[in-house]
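Q: Could you take a close look at one part of this model for me, the place where two domains of the chain meet? I'd like to know what sits there and what holds hands across it.

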Protein chains: 2
Amino acid sequence: MSDRLVIIGGNAAGMSCAAQARRLREPADLEIVVVEAGQWTSYSSCGIPYWVGGEVEDAEALIARTPAAFADQDIQIRFGTQAQAIDLEAATVTVRTDDGSGDATGTTIGYDHLMIATGATPLRPPVEGLDADGVFGVQTIPDGEAIRSALEKDPKRAVVLGGGYIGLEMAEALVNRGLSVTVVLADPLPMSSLDEDMGERVCAAMTAMGIDVRTGEPVRGIDVEGGAARAVVTDGGSYAADLVVLGLGVRPNSDLAGDAGLRIGTTKGIEVDDTMRTLSHESVYAAGDCIQTRHRITGRPVAIALGTHANRQGRVAGTNIGGRPARFEGVLGTAVTKVGDCEVGRTGLSTKEAQEAGFSIETTVIESTVKAGYYPNAGKLAVKLLTERQTQRMLGGQIVGGPGSAKRIDVLATAIWAQLTAAEFAAVDISYAPPFSPTFDAVVLAARKAAGR
Amino acid sequence: MSDRLVIIGGNAAGMSCAAQARRLREPADLEIVVVEAGQWTSYSSCGIPYWVGGEVEDAEALIARTPAAFADQDIQIRFGTQAQAIDLEAATVTVRTDDGSGDATGTTIGYDHLMIATGATPLRPPVEGLDADGVFGVQTIPDGEAIRSALEKDPKRAVVLGGGYIGLEMAEALVNRGLSVTVVLADPLPMSSLDEDMGERVCAAMTAMGIDVRTGEPVRGIDVEGGAARAVVTDGGSYAADLVVLGLGVRPNSDLAGDAGLRIGTTKGIEVDDTMRTLSHESVYAAGDCIQTRHRITGRPVAIALGTHANRQGRVAGTNIGGRPARFEGVLGTAVTKVGDCEVGRTGLSTKEAQEAGFSIETTVIESTVKAGYYPNAGKLAVKLLTERQTQRMLGGQIVGGPGSAKRIDVLATAIWAQLTAAEFAAVDISYAPPFSPTFDAVVLAARKAAGR
């Protein structure tokens with residue numbers, strides 16, 4: 001008799017686990033059942049701002065792999081099916097399925113391997129009015145559909161709550177749609193995963209593109225009129241809004257796991273080891289936005305919701321379920337985003353993170369150009385490097401600059417991953433031609449300056 | 001009494017040596033004299049195709065640092081001054097200076113430290129007609145001026161000899177100027193520093209942009225009429241040309257050093273150690289296109305003419321002359337270029353180079369997109385990875401693709417420099433957002449595929 005793998009959650013972590021497990025084990029050997037509360041699998045959550053902004057016209061384009069493609073691989077997906085409880089002793093999951101008529105039926109599914117990939121939920125500030133019409137999350141395909149429908153009513157003003165990745169991307173999308181956009185954030189600057197001096201550059205770029213950035217103003221409430229949001233209220237003022245977007249980050253969906261008795265970490269994510277197994281139950285895995293993972297540099301637990309991590313972790317779980325040993329090697333929190341022509345990249349530790357982890361650091365900032373200074377459209381960029389004072393080991397990098405700047409963060413991520421010192425990285429034979437960089441790329445200049453102290 | 005540093009050649013290697021030596025030693029302690037045969041220093045030779053193509057309008061823009069800036073640092077530059085001989089025993093350089101009247105005067109300069117930075121000379125095929133009007137090199141500012149003057153006569157047809165970096169860049173420049181361009185090369189494909197399958201992609205892109213690429217046709221002669229070039233003749237045909245551009249590569253200018261008794265290597269470059277000192281004379285340094293340097297992976301001598309190497313090597317020499325120990329860490333031959341919308345990057349060993357060096361290798365090619373597949377203008381790219389069969393260590397990388405693809409070569413260069421295996425690199429936390437890459441960047445996909453064997 002074959003084993004059964006039950007996967008709760010059919011997005012990045014869940015479906016990459018399914019695909020990898022199937023690559024390694026035939027249908028006759030392993031049955032794979034995915035339980036998905038919604039109606040979509042394997043969609044690009046990160047693509048939703050670009051669908052809202054109109055760069056992408058069709059939601060279908062966001063689907064990395066269709067249910068039919070999974071069916072071809074004998075991966076069953078049960079849509080509209082909510083996991084309600086896990087019984088670790090009995091090795092079963094109780095689910096409730098909406099049959100379409102509004103009634104829901106409960107049933108219990110046994111598993112040999114369980115994968116918990118329940119993702120995360122957008123944070124909602126503890127204020128009145130969030131349930132009004134015109135207040136939107138940005139996570140699911142239905143979220144995107146709702147915002148696109150709202151845009152058809154020709155709204156004039158939008159308020160985005162939060163200045164992280166989603167906040168920036170939604171601000172860009174709504175500016176592209178012709179709205180006046182206000183970004184309201186509790187933090188002193190947008191992009192709190194950057195150092196303040198770099199966050200200031202992002203803030204200046206947002207202001208320059210006409211976005212009204214209101215910093216240090218936590219939202220106090222939503223003014224509602226006739227059931228619809230009309231304004232966002234802070235201690236600093238009231239900002240008229242035909243639509244309000246939530247971009248305040250997410251919290252791990254770990255309640256289902258916690259209720260079952262699995263260990264939940266300090267970050268509220270499910271605790272797993274490097275094989276993606278939960279700590280108490282060898283046959284129960286978890287991956288993606290619902291877990292807490294290990295920071296590569298500090299070794300400390302972190303919960304960072306990024307599609308790349310979720311995919312990688314799901315794949316590791318799937319490999320282990322498939323019978324081959326695999327370990328997840330930790331995260332640097334490498335990420336890129338953009339708002340208009342301002343690109344942002346970050347990897348490794350920020351100054352605040354480094355200090356909290358007890359590192360004594362030095363920071364180096366340089367300004368340069370994306371292409372040779374004399375080449376057309378050579379935008380500016382700033383690179384910030386964090387190095388450990390005693391060893392000069394690179395600990396973190398941040399980039400803010402014009403088009404073509406942010407992807408350089410991958411070079412720093414690779415150097416940091418390989419534990420190079422600033423001097424070692426400054427010696428790396430990096431490419432140059434006038435359409436691509438000055439003679440020495442900004443990342444090299446930053447390392448050279450850091451090494452030269 | 002102060003020491004005197006004499007530098008022969010006032011471009012990348014020479015002037016970065018001068019600048020670095022000055023940073024470390026005051027004028028009262030070190031006199032710096034640069035002997036330059038031409039009338040320009042520190043110009044971007046790599047920028048000349050873009051000046052010819054019209055992306056850059058003013059030659060002044062190509063000057064990284066003016067003579068006045070060097071004078072401010074007490075770095076003397078003697079223009080129009082040709083070094084004619086080096087006497088290693090007497091520690092003198094004999095120079096001949098054109099005084100402007102057509103007469104030249106000889107003189108002898110003593111040195112405590114000598115830096116030879118004589119660069120390289122474009123290769124000229126052994127055929128008739130190369131001295132005709134309308135045949136141009138592409139190395140110096142006067143070369144660029146001559147081509148720009150020729151373009152004012154409204155030429156219709158150009159033939160570029162050679163399909164390396166300069167060949168591609170000049171083909172692009174002349175297409176941008178509205179000429180019909182034929183590229184004639186002896187090799188079976190353009191970009192011989194790539195593997196053939198990658199070179200084929202470049203060739204196809206060139207053809208698609210209307211360039212007539214004639215491969216496997218070494219030039220046999222230039223047809224000259226009234227003193228001016230009219231056609232390029234090969235065994236395959238005669239290609240009408242109002243102007244002919246030499247892009248056949250370069251040879252190190254090592255005769256001056258060789259005549260003085262310094263050791264010249266198998267590559268025709270001057271032999272130096274990692275401190276940039278010549279092997280026999282501790283106070284005599286050489287750097288840049290005139291030397292042979294060490295390949296980081298094979299440890300073997302190579303002569304690769306690249307501005308980044310020249311700058312780095314000059315800086316190492318200047319640091320040592322300045323009294324601080326410094327070593328050059330070798331090269332991977334990392335380079336980028338573009339022809340129209342086709343970008344090319346390469347680093348480390350090609351298949352041919354790896355085989356010649358005795359490595360048993362595996363190669364992996366993947367195709368992906370520069371941005372998320374659904375994002376607008378997501379161009380295609382191909383990544384080729386070379387790994388050592390036994391260890392899976394990464395040995396080389398090649399990229400050919402649309403706008404935004406080539407600079408990813410720096411990520412591979414960093415991974416190769418740090419001696420990562422394909423599996424180790426595949427685990428690196430690389431960035432993702434839809435405007436920047438698919439969930440897994442093409443370089444990660446290539447490494448993952450290589451590691452998965």
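A: A quick definition to start: a salt bridge here is a side-chain nitrogen of Lys or Arg within 4 Å of a carboxyl oxygen of Asp or Glu. The side chains of A:E57 and A:R148 fit that rule, with 3.0 Å from N to O, and one salt bridge is what the rule finds across the interface of domain 1 and domain 2 of chain A.

Keep in mind that this is a predicted model, where local features need pLDDT of at least 70, side-chain atom pairs count only at pLDDT 80 or more, and totals for chains, interfaces and linings use all residues. Residues are numbered from 1 along each chain as its sequence is written, chains are lettered from A and ligands numbered from 1 in the order in which they are written, and side-chain values use heavy atoms, leaving out hydrogens and water.

Domain 1 of chain A covers 3–121 + 251–321 and domain 2 covers 124–248, with bounds from an automatic or database domain assignment. Their C-alpha centres lie 29 Å apart. In contact (heavy atoms within 4.5 Å) are 19 residues of domain 1 of chain A and 18 of domain 2 of chain A.

As for buried area, that's the accessible area (1.4 Å probe) two parts lose on being put together, summed over both. Between these two domains of chain A it comes to about 1,500 Å², with carbon and sulfur atoms giving 61%. On the domain 1 side, A:P49, A:W51 and A:V52 lose the most area to domain 2 of chain A, together 39% of what that side buries.
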